[in-house]
Amino acid sequence: MNYLVTGGSGFIGSHLVEQLLKNGHSVINIDNFDDFYDYKIKIRNTLESIGNNSDFEFSEKEGDLTKLLSITQSSNYKLYTEDIRDKNALKTIFEKHSADVVIHLAALAGVRPSIERPLEYEEVNIKGTMNLWELCKEFHIKKFINASSSSVYGNNEKIPFSETDNVDQPISPYAATKRCVEVLGHVYHTLYNIDSIHLRFFTVYGPRQRPDLAIHKFTKLITEEKEIPFYGEGNTSRDYTYIDDIVDGIIKSIIYLESNSGVYEIINLGESEVVSLNEMLSYLEAALKKSATKKNLPMQPGDVLKTNADITKAKTLIGYKPATNFQNGIKKFVEWFLRNDIQNPQ
């Protein structure tokens with residue numbers, strides 16, 4: 001099968017691409033190597049995802065991306081560094097390649113940055129996704145997987161969070177854009193018969209995790225014996241989901257989508273295990289065998305107090321079965337981090 005993956009050089013995307021290639025499929029990866037974090041990290045993600053273990057000598061971004069493009073193209077993998085906001089550039093890719101399924105992971109991520117840059121988040125996350133749907137309509141691609149987020153639940157008082165819960169009260173622009181895309185997905189499904197599954201990811205962590213996310217950030221600061229920013233009293237909690245379980249959920253969603261027609265589904269992908277910020281830090285300290293120095297700060301606008309996924313639907317509909325508990329997942333992440341401090345690649 002031929003899969004078009006947006007954001008295929010990011011954290012989740014690179015793991016998905018790696019698995020799709022291992023399963024014998026072909027992948028078209030569209031990733032614009034945005035400056036949200038160091039592009040060198042994404043280059044390493046890309047090389048690891050395609051099994052290229054050769055050393056990469058970095059110089060400057062434009063030249064490095066040109067070199068990456070020259071060494072990554074193969075019969076079953078194509079990389080494009082286009083921006084999903086550029087519909088004409090995307091159209092050129094759709095003209096060159098036929099895709100059986102579009103798996104849309106690209107987005108501007110992050111709750112706090114979205115409060116500072118709401119219009120940019122609207123442009124990337126909503127307009128960029130609509131560009132993809134318009135091209136799916138034009139090129140008769142009928143299967144679409146979209147990465148949504150647990151942030152759409154806001155400060156939902158009902159625990160655990162179910163796909164049938166009301167999600168009309170987001171508390172950040174990022175969450176609002178993710179919910180908007182879910183709704184628009186129903187429009188394209190109804191009008192143009194584009195089957196879609198919208199996966200609400202719950203706090204994904206593991207090797208290659210983005211450096212701005214708490215587990216990665218805390219790990220780096222603890223190893224460097226620097227203060228960690230600690231928001232609130234540590235009572236906020238998250239349903240942390242290990243990357244291997246998320247990829248398994250995406251793969252199972254693809255299989256379900258390919259095997260059925262008339263599909264429009266929203267599915268939680270979580271671990272259904274809630275861990276507080278204090279507990280998360282304790283697990284990290286134990287795995288690193290080092291103590292953290294906390295800098296206590298007030299809660300930040302847009303942060304939710306708790307996430308907890310009801311994964312009943314994922315289990316029954318697609319056969320989702322998360323296998324990595326948080327303690328083991330943290331150990332795996334720390335082992336990877338200590339081998340590969342990719343925050344400052346050389």
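Start by selecting Lys289: just after α10, this residue takes a positive phi of about 60°. Keep in mind as you click around that this is a predicted model.

**Stop 1: back into α10**

From Lys289, step back into the helix and select residues 277–288, which make up α10. You should have twelve residues, and the distance from the first C-alpha to the last is 16 Å, close to the 16 Å expected at 1.5 Å a residue.

Now show side chains for Leu277, Met280, Leu281, Leu284 and Leu288, which are buried. Look down the axis: they cover an arc of only 95°, which puts them on the same side of α10. The spacing makes sense, because an α-helix has 3.6 residues a turn and residues three or four places apart point the same way.

What do the buried residues of α10 pack against? Color α8 (214–223), β8 (227–231), β12 (274–276), β13 (293–297) and α12 (326–339), and you have their partners.

**Stop 2: Ser276**

One of those partners, β12, is home to Ser276. Is Ser276 buried or exposed? Its relative accessibility is 14%, so with buried meaning under 20%, Ser276 counts as buried. Leaving aside residues up to four places away in sequence, Ser276 touches Gly234, Thr236 and Ser237, so pick those three next.

**Stop 3: α3, one face in and one face out**

Jump to residues 61–72, helix α3. This one also gives you twelve residues and 16 Å from first C-alpha to last, close to the 16 Å expected.

Pick out Asp64, Leu65, Leu68 and Thr72, the buried residues here. Viewed down the axis of α3, they fall within an arc of 95°, so they line one face of the helix. Turn to the other side of α3 and you'll find Glu62, Thr66 and Ser70 exposed. To see what covers the buried residues, select elements including α2 (39–49) and β3 (77–80).

**Stop 4: the cavity**

How many cavities of 30 Å³ or more does a search of the whole structure find? There is one, with about 60 Å³ of space in it.

To frame it, select His104, Leu105, Ala106, Ala107, Asn125, Thr129, Asn146, Ala147, Thr177, Lys178 and Val181. By class, that lining has five nonpolar, five polar and one charged residues.

Then switch to cartoon: α6 (118–138), β5 (143–149) and α7 (173–192) each supply at least two lining residues. The largest share, three residues, comes from α7, which makes a handy last selection.

Notes:
Residues numbered from 1 in each chain as written. Predicted model: local features only at pLDDT ≥ 70, side-chain atom pairs only at ≥ 80, totals over all residues. Heavy atoms only, no water. 1 Å grid on protein atoms, 1.4 Å probe; cavity = no way out; pocket = protein on both sides within 12 Å on 5 of 7 lines; lining within 4 Å. Points joined across faces, edges and corners; volume = space filled by probe spheres on them. Helix = DSSP H or I, 4+ residues; strand = E, 2+ residues; numbered from the N terminus. Nonpolar A, V, L, I, M, F, W, Y, C, P; charged D, E, K, R; others polar. Expected span 1.5 Å × (residues − 1). Buried < 20%, exposed > 50% of the residue type's maximum accessible area, 1.4 Å probe, protein only. Arc of directions from axis to C-beta. Contact = heavy atoms within 4.5 Å.
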